[in-house]
Amino acid sequence: MGAPRGIRSPCSRGEPMVAFIVRRLLQSVLVMLTVALVGFALFTYVGDPVNNMVGQDTSLADRERLREELGLNDPFPVQFARFVVNAAQADFGISYRHGRPVEDLLIERAPATLELSFAAGLFALVVGVPMGIYTALNRHGWLSKAFLTVSLIGISLPTFLIGILLILVFSVWLGWLPSFGRGETVQIGWWSTGLLTRDGLVALILPAITLGLFQMTLIMRLVRAEMLEVLRTDYIKFARARGLSARAINFGHALKNTLVPVITITGLQLGSVIAFAIITETVFQWPGMGLLFIQAIEFVDIPVMAAYLVLVAFLFVLINLIVDILYFVVDPRLRVQGGGAGL
Amino acid sequence: MAEPLLSVRDLRVTFPTRRGVLTAVDGVSFDIMPGEILGVVGESGAGKSQTGAAIIGLLEPPGRIASGTIHLEGERIDRLSPDKLRRIRGRRIGAVFQDPLTSLNPLYTIGRQLTETMRTHLDLSEAQARDRAVALLGEVGIPAPADRLDAYPHQFSGGMRQRVVIALALCANPRLIIADEPTTALDVSIQAQITALLKRLCREHDTAVLLITHDMGVIAETADRVAVLYGGRLAEVGPVDAVVNRPLHPYTEGLMACIPTTHDRPPRLAQIEGSMPSLRAMPAGCAFHPRCPHAFNRCVAERPPLFDHPPSAAACWLWAPEGARAAPRERTAS
Ligand SMILES: Nc1ncnc2c1ncn2[C@@H]1O[C@H](COP(=O)(O)OP(=O)(O)O)[C@@H](O)[C@H]1O
Ligand code: SF4
Ligand SMILES: [Mg+2]
């Protein structure tokens, strides 16, 4: 029928928005609890937290006292509940390596990762959507074929390789762009931004392209496939029969219908962009949460690792929720109706 | 006689495929007078939709008009540039498709779809277009049209949506509407309403209709004249009364025998022995000869041209002048 094909809408037709959001919130909480359990298991089963905190010369009695203080002798459910309550208040304990509260470390690093992810997502959208539209409308053009071929490369090359290739070409050979770091940043409250200086923006280019390239090719192919399918629908044929201009049909009618599934995928991809940032941050020595996480693994800095897992999961869930709500904005069929149906 | 509004001559629509060229419409000719309703009947695959699509320039590639001419109000329209054709669609020739559930863009209000169409073709402000849209929705029988303008397609039932589609087809006042099975997808109980609405509106607006259907009952009630297609070819064309009551072509005769006299069941075609041949296996000579009770030698060897037998014309050797029958037989009431 008239429903968008491909990716299904997340909610059943006519379900009130509030009920839908409440249902999704409950699901989100469940997901977060599961992730928290994994994070907590890290604490309990990977290494000994006390060993990680104290020096070689600490006596056994001291260790036992610390253990008691930290609540490590409490039963499992109590410990887990404490972990969840603390995590909900963004309290993940003290980093073994840095000796500072984990949340402070994360807050310090978050702007770098978020700005990088946002720039990568923006790049993927701004380049991927027009390329998808172009390749759908000019299916047999040589440029379309070139785009598709190049996108195959984008999909099949691993991120770190793309990053290294870009560094090789633009930093080493051409010397145009920096190969590591964030450049000059400006502090606005607790947020350090690289978006306000030329240096910071230039430093953002290569990492953002590296991180966004995969999503860009994905979005391009998705837009192309969806657009081709929409162009075959009856309402597009009928729009042609009404004599609408090609422009109105392609960009007014077809594109809007194409965007419904594109919004979902792109939104969900933004979550994975944040997660995938680990690799890009490592390649470019980008001082974000991903780099923090990689370094934490080297030092078995469990609190940082657990916090990172929980945080990334949280961002995933949050983005999912926002995407679902966006459906209501875009697709009128999902909005609550003030009667009138079934006339 | 007045000049025809639409004149189709020897129209051939072909689909070049890997396994040879398929001829979906093969030498079809007919005229539509201003304000006239021409019914086009035939079994599924007879070439009805392709004929309509060829007229409005919406054949799906690789389908193309291989030969023949189409004139609209004296102007040849089968070789126009895509942009000139586009300006004819909606403005001078409107269209109603089969499935109202899928004909409307789900993401736009019906008001927007109406005003957009009007403003594409007519020089109207948004406010004028909205006023006109309200009036038109009222005309097609949407209750409280001013309130419904901002409703989305899914908020209407199938029958109501087909009314909206008809309003869309009429909104720039075209001279001709091509209605391709406008009631087939609808609930039986509302089919008659929609047919009656289409007929009434076209009378009021003096709009001619090419009414494609495989429902002989609809034709008998609605059309002024009928063209019968078989295997992409015109079998018979003539005034509805003559074609229904004094059919010339044996195929038409078979069709008419299928019209029930009561209305408790929608009349459908094809109670004739056998089935229409596929385009890939079109018989030589008369396409109907394998099923024809009157077939003789010539039918197998030679394709019959259209023989005039006023008020109708039929492509059947029985009506060749040299071997003409005395007169068309009266159809016996069944
Ligand atoms: N894209 C296509 N490729 C090949 N043949 C086609 C295509 N579209 C339609 N046809 C053929 O054209 C013939 C006429 O179709 P159509 O006009 O849709 O019949 P109907 O009378 O049922 O509306 C059919 O036999 C069909 O096989
Ligand atoms: S031409 Fe021959 S086969 Fe064809 S309809 Fe007439 S009698 Fe039958
Ligand atoms: Mg058809």
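How many bridges join strand E4 (residues 64–72) of chain B to E5(B)? There are two, and the strands they link run antiparallel. In this predicted model, that pairing is one piece of a sheet in chain B, and the sheet makes a handy place to start.

The sheet in question is open and built from four strands, in the order E2-E1-E4-E5 (chain B), with antiparallel pairing. Strand E2 (20–32) and strand E5 (75–76) of chain B stand at its edges; each has a single partner strand, so one side of each is left without a neighbour in the sheet. Going back to the E4–E5 pair, His71(B) is the residue that stands opposite Arg76(B) in E5(B). Strand E1 has a quirk of its own: Asp10(B), which lies in this strand of chain B, shows a positive phi of about 50 degrees although it is not a glycine.

A helix goes with this sheet as well. Helix H1 (residues 48–55) of chain B lies across strand E1 (6–17), E2 and E4 of chain B, and its direction makes an angle of about 110 degrees with E1(B). Following the chain on from there, the loop between H1 and E4 of chain B holds Pro62(B). The peptide bond from Pro61(B) to Pro62(B) is cis, with omega near 5 degrees.

Chain B also contains an open sheet of eight strands, this one with mixed pairing, and its order reads E6-E7-E8-E3-E9-E10-E12-E11 (chain B). At the edges stand strand E6 (93–96) and strand E11 (307–309) of chain B, each with a single partner strand, so one side of each is left without a neighbour in the sheet. On average, neighbouring strands of this sheet are turned by 20 degrees against each other, direction ignored.

Within the eight-strand sheet, strand E7 (residues 176–180) of chain B and strand E8 (residues 208–212) of chain B run parallel and are joined by five bridges. One bridge here can be named: Ile177(B) has Val209(B) in E8(B) as its partner. Helix H8 (residues 188–205) of chain B lies across E7, E8 and strand E3 (37–41) of chain B, running at about 160 degrees to E8(B).

Over by strand E11 there is another cis bond, this time joining Pro310(B) and Pro311(B), with omega at about 5 degrees. Pro311(B) lies in the loop between E11 and strand E12 (312–314) of chain B.

That leaves the ligand. Ligand 2 sits in the second largest cavity, where 13 residues surround it. The closest of them are Cys286(B), Cys292(B), Cys299(B), Cys316(B) and Trp317(B). What is the make-up of the shell around ligand 2, in nonpolar, polar and charged residues? The shell divides into 10 nonpolar residues, three polar ones and no charged ones.

Note on methods
Residues numbered from 1 in each chain as written. Chains lettered and ligands numbered in written order. Predicted model: local features only at pLDDT ≥ 70, side-chain atom pairs only at ≥ 80, totals over all residues. Heavy atoms only, no water. Near = heavy atom within 4 Å. 1 Å grid on protein atoms, 1.4 Å probe; cavity = no way out; pocket = protein on both sides within 12 Å on 5 of 7 lines; lining within 4 Å. Sits in = over half its atoms within 2 Å of the grid points. Nonpolar A, V, L, I, M, F, W, Y, C, P; charged D, E, K, R; others polar. Pairing = 2+ DSSP bridges. Axes fitted to C-alpha atoms, helices over the stretch in contact; angles between N-to-C directions. Contact = heavy atoms within 4.5 Å.
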